[in-house]
Amino acid sequence: MILEVRFENFRSMKKPTVFDLSAESICEFRNSIMKWNRNKTDEYRIVPMKLLYGQNSSGKSNLLLGIKIMQEIISAGRVDIPFSVPYDQLVYVNGKDKPISLGVSFIYDDRVMAYDVCFNEKEVISEKLTVNRSVMYQRKGSKLDMAKTNKSVEYLDEQRIPSIEINEKQFKRYQGADIFLTRGFKSFIAPTLGGMIQDYFEKRLFVSMAAGETLLHPIALKNEKEVSAFLKSVDIKEPIDGSVPLAAGTTRLINFVDLLYTAIKEGGVLVMDELDTSLDPNRLIPLLSRLHDPKINKNETQLVFSTFNPVYLNKYFVRRDEITFVTREKDGTSLKTLIEYANRENNYMRKYLKGEYNTIAPINYKTLYQR
């Protein structure tokens, strides 16, 4: 489960920006939130869904892209790689001389982990890993400080503990573009913990950009039985064995249903840009609602997606803290949840369309069509 994502000098986010997925104490779907606690000081309440609303160029896709770039960095183990978007398009337009900062806090197994990396096109400027509030290491340029407290050492592989000081001394030999997380920490000090983190980003996190085009092409279904049952329940009768051509929207729906069921079975996070492009919300909403059912969402799957469709602004479908409005201010992207604007009521959609949440500008149709 993702707790929050942090950005600075990234795309439209000039200042430090936090994308928060924590749950508030509100009445709607109160039993659907995901809870985790290690002790009284480490208690978390997280929402199973996050929907991003905002005008074009407000920064919705940038939030999701930041998660993908983190995934690419951890998978590659370096920051000087050919990202899915070129580096000069990742850095804030007026901050080319400053580094990008990205960070994510997430829960995996019995641990709350936070990883932050600050980098430019050629090298890592700083890096930090925290596990259950214990700092594992901090890096600034070519200087590495490994934590040696009892709390931090308990998360390391016992036979590797003597390697801590050796790695600190040898760290200057590492290339500046390497991230210590996967190059040194995982390889020489904490293979188990480092492997868990890499596994989370590579196997538990699915990120789809470009309006979810990864859903457009037929795939080998992992959950054919469940997909067939769902299609039957929404009155789609076409066979899914490839014997007949399917409409693009139907193909997208089939692929997403299969992807969601896989995530629900295995546990994970789905991050999707404009998920509902060409999908009928009447068929999508019953599917997404399953994330609010703890009997179905046993493995605490999360879904984060951007949308322009106001149909989801309904208290019978989402919690107010599951809606985040993205706006573009003079100093970059700004985030606010629906709970900051509204009490529990029936007319979220009407107020949204009237521009009362500062997300879209209301259109004066009388002026628009005057001759």
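**Salt bridges, sheets and helix packing**

Glu226 has a relative accessibility of 24% and therefore counts as partly exposed, a value that, like the others reported here, refers to a predicted model. Lys265, at 45% relative accessibility, likewise falls into the partly exposed class, since that class spans the range between under 20% (buried) and over 50% (exposed). The side chains of Glu226 and Lys265 come together in a salt bridge with an N to O distance of 2.8 Å. Because Glu226 belongs to helix H6 (residues 224-233) and Lys265 to helix H7 (residues 248-266), this pair ties together parts of the chain that lie 39 residues apart in sequence. Elsewhere, a single network arises from salt bridges with shared partners, and its members are Arg78, Asp80, Asp178 and Arg183. Within this network, Asp80 and Arg78 meet through their side chains at 2.8 Å, N to O; Asp80 is partly exposed at 35% relative accessibility, whereas Arg78, at 17%, counts as buried.

Over the whole structure, the search yields 16 salt bridges. Among them is the pair formed by Lys15 and Asp331, whose closest N and O atoms are 3.3 Å apart. This pair links distant parts of the chain, 316 residues apart, with Lys15 in the loop between strand E1 (2-8) and strand E2 (17-20) and Asp331 in the loop between strand E14 (323-329) and strand E15 (332-337). Both partners count as partly exposed, Lys15 at 36% relative accessibility and Asp331 at 34%.

The strands include an open sheet of 7 strands, arranged in the order E2-E1-E6-E7-E8-E9-E10 with antiparallel pairing. At its edges stand E2 and strand E10 (143-146), each of which pairs on one side only, and from one strand to the next the twist averages 10°. Strand E9 (residues 134-140) and E10 run antiparallel and are joined by 4 bridges, and Lys140 has Lys143 in E10 as its bridge partner. Helix H4 packs on this sheet, where it touches strand E7 (111-119), strand E8 (124-131), E9 and E10, with its direction at about 125° to that of E9. Helix H5 packs on the sheet as well, touching E1, strand E6 (100-108), E7, E8 and E9, and its direction makes about 100° with that of E6.

These two helices also meet one another. The axes of H4 (residues 180-189) and H5 (residues 191-204) come within 6 Å and cross at roughly 140°, and the helices are therefore described as oblique to each other. On the H4 side the contact involves Leu181, Thr182, Phe185, Lys186 and Ile189, which meet Pro191, Leu193, Gly194, Gly195, Ile197 and Gln198 of H5; the residues of this contact comprise 6 nonpolar, 4 polar and 1 charged.

An open sheet of 6 strands, with mixed pairing, follows the order E11-E12-E13-E5-E14-E15. Its edge strands, strand E11 (205-208) and E15, each pair on one side only, and neighbouring strands are turned against each other by 15° on average, direction ignored. E14 and E15 pair in the antiparallel sense through 6 bridges, and Arg328 has Thr333 in E15 as its bridge partner. Helix H1 (residues 60-76) packs on this sheet, touching strand E5 (49-53), E11, strand E12 (269-272), strand E13 (302-306), E14 and E15, and the direction of H1 makes about 130° with that of E11.

How values were computed: Residues numbered from 1 in each chain as written. Predicted model: local features only at pLDDT ≥ 70, side-chain atom pairs only at ≥ 80, totals over all residues. Heavy atoms only, no water. Salt bridge = Lys/Arg side-chain N within 4 Å of Asp/Glu carboxyl O. Buried < 20%, exposed > 50% of the residue type's maximum accessible area, 1.4 Å probe, protein only. Axes fitted to C-alpha atoms, helices over the stretch in contact; angles between N-to-C directions. Parallel < 35°, antiparallel > 145°, perpendicular 65-115°, else oblique. Contact = heavy atoms within 4.5 Å. Nonpolar A, V, L, I, M, F, W, Y, C, P; charged D, E, K, R; others polar. Pairing = 2+ DSSP bridges.
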